[in-house]
Amino acid sequence: MSHALFRPIDGKADEILDFIMQAPEVRAYPSVSYAVRLACEEIIVNIIRYAYPDTEDGYIGVGIAEDGQALRITIRDGGKPFNPLERERPDTTQALEDREIGGLGIFLVRQMADRVDYAYTGGENRLSLVKNIRKE
């Protein structure tokens, strides 16, 4: 199991994403790396932009585990409570100019992961992505 804590996070999106993509659990399954990268990048960028509006001294913790069936990446932060899964799904049938701004990020995350879970516990947002894997 791989773990890391990043503090401060301002300007560290690439470093956090590199940690995830270089973790042995992720590297072992190249067929899911594209989906993992897109989903994690969206989550990390949004945490950096929005979780800590009053201070730049935030943190992001990352935990990565796999059990031969699924890869689980848990991203946690101590920012303001926010459950992205409660957002209404965007109407992707509408023309782009008719859609409301925002909401596509979590839609993308849901499309890339097989399951997405959220909990606010111990003063932290915890978003977990589960991606089914197979031996390659």
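# Briefing: a five-strand sheet and its enclosed inner strands

Six of the eight residues of strand 3 are buried, so this strand is largely enclosed by the rest of the structure. The model is a predicted one. Strand 5 (residues 124-132) is likewise largely enclosed, because seven of its nine residues are buried. Strand 3 (residues 70-77) and strand 5 run antiparallel and are joined by eight bridges.

**Overall architecture**

- The protein chain contains four helices and five strands.
- Read from the N terminus, its elements follow the order β-α-α-α-β-β-α-β-β.
- The protein chain has 136 residues, of which 40% count as buried.
- Among contacts in the protein chain with a separation of 6 or more, 65% are between residues 24 or more positions apart.

**The sheet**

- Five strands form an open sheet in the order 1-2-3-5-4, with antiparallel pairing.
- Strand 1 (2-6) and strand 4 are the edge strands, each pairing on one side only.
- On average, and with direction ignored, neighbouring strands of this sheet are turned by 15 degrees against each other.
- Helix 3 packs on the sheet and touches strand 2, strand 3 and strand 5. The direction of helix 3 makes about 10 degrees with that of strand 3.
- Strands of a sheet pair through backbone hydrogen bonds, in either a parallel or an antiparallel manner.

**Pairing from strand 1 to strand 3**

- Strand 1 and strand 2 (residues 60-66) run antiparallel, with five bridges joining them. In this pair, Phe6 stands opposite Ile60 of strand 2.
- Seven bridges connect strand 2 with strand 3, and these two strands are also antiparallel. Val62 stands opposite Ile75, which belongs to strand 3.
- Strand 2 and strand 3 form a hairpin that has three residues between the strands. Gly68 in this hairpin takes a positive phi near 90 degrees.

**Pairing around strand 5**

- On the side of strand 3, Asp77 stands opposite Asn125 of strand 5, and Leu71 has Lys131 of strand 5 as its bridge partner.
- On the side of strand 4 (residues 115-121), seven bridges join strand 4 to strand 5, and the two run antiparallel. Here Tyr120 has Asn125 in strand 5 as its bridge partner.
- Asn125 is thus placed opposite Asp77 and is also the bridge partner of Tyr120.
- Strand 4 and strand 5 form a hairpin with two residues between them. In the turn, Gly122 has a positive phi of about 60 degrees.

**Ser128 within strand 5**

- Ser128 lies in strand 5.
- The relative accessibility of Ser128 is 8%, under the 20% cut-off, and therefore this residue counts as buried.
- Beyond its neighbours within four places in sequence, Ser128 is in contact with Arg72, Ile73, Thr74, Arg115, Val116 and Asp117.
- Ser128 and Ile64 are 64 residues apart along the chain, and their C-alpha atoms are separated by 9.5 Å.

**Internal cavity**

- Rolling a probe the size of a water molecule over the atoms shows where empty space is left.
- The count comes to one cavity of 30 Å³ or more. The largest cavity has a volume of about 50 Å³.
- Its lining is made up of Ala35, Val36, Ala39, Leu71, Ile73, Met112, Ala113, Leu129, Val130 and Lys131. Helix 3 (33-51), strand 3 and strand 5 are the elements that give two or more residues to this lining.
- By residue class, the lining of the largest cavity comprises nine nonpolar residues, no polar residues and one charged residue.
- Leu71 and Lys131 both appear in this lining, and Lys131 is the bridge partner of Leu71 in strand 5.

**A cis peptide bond after strand 1**

- The peptide bond from Arg7 to Pro8 is cis, with omega near -5 degrees.
- Pro8 is located in the loop between strand 1 and helix 1 (13-22).

Note on methods: Residues are numbered from 1 along each chain as its sequence is written. This is a predicted model: local features need pLDDT of at least 70, side-chain atom pairs count only at pLDDT 80 or more; totals for chains, interfaces and linings use all residues. Side-chain values use heavy atoms; hydrogens and water are left out. Buried means under 20% relative accessible area, exposed over 50%, partly exposed in between (1.4 Å probe, protein chains only). Two strands pair if DSSP finds at least two bridges between them. On a 1 Å grid over the protein atoms alone, a cavity is a set of points where a 1.4 Å probe fits but cannot get out, and a pocket is an open set with protein on both sides within 12 Å along at least five of seven lines; lining residues have an atom within 4 Å of a point. Grid points are joined across faces, edges and corners, and a volume is the space filled by probe spheres set on the points. Ala, Val, Leu, Ile, Met, Phe, Trp, Tyr, Cys and Pro count as nonpolar, Asp, Glu, Lys and Arg as charged, and the others, Gly among them, as polar. Axes are lines fitted to C-alpha atoms, for helices over the stretch in contact, and angles run from 0 to 180 degrees between N-to-C directions. Contact means heavy atoms within 4.5 Å.
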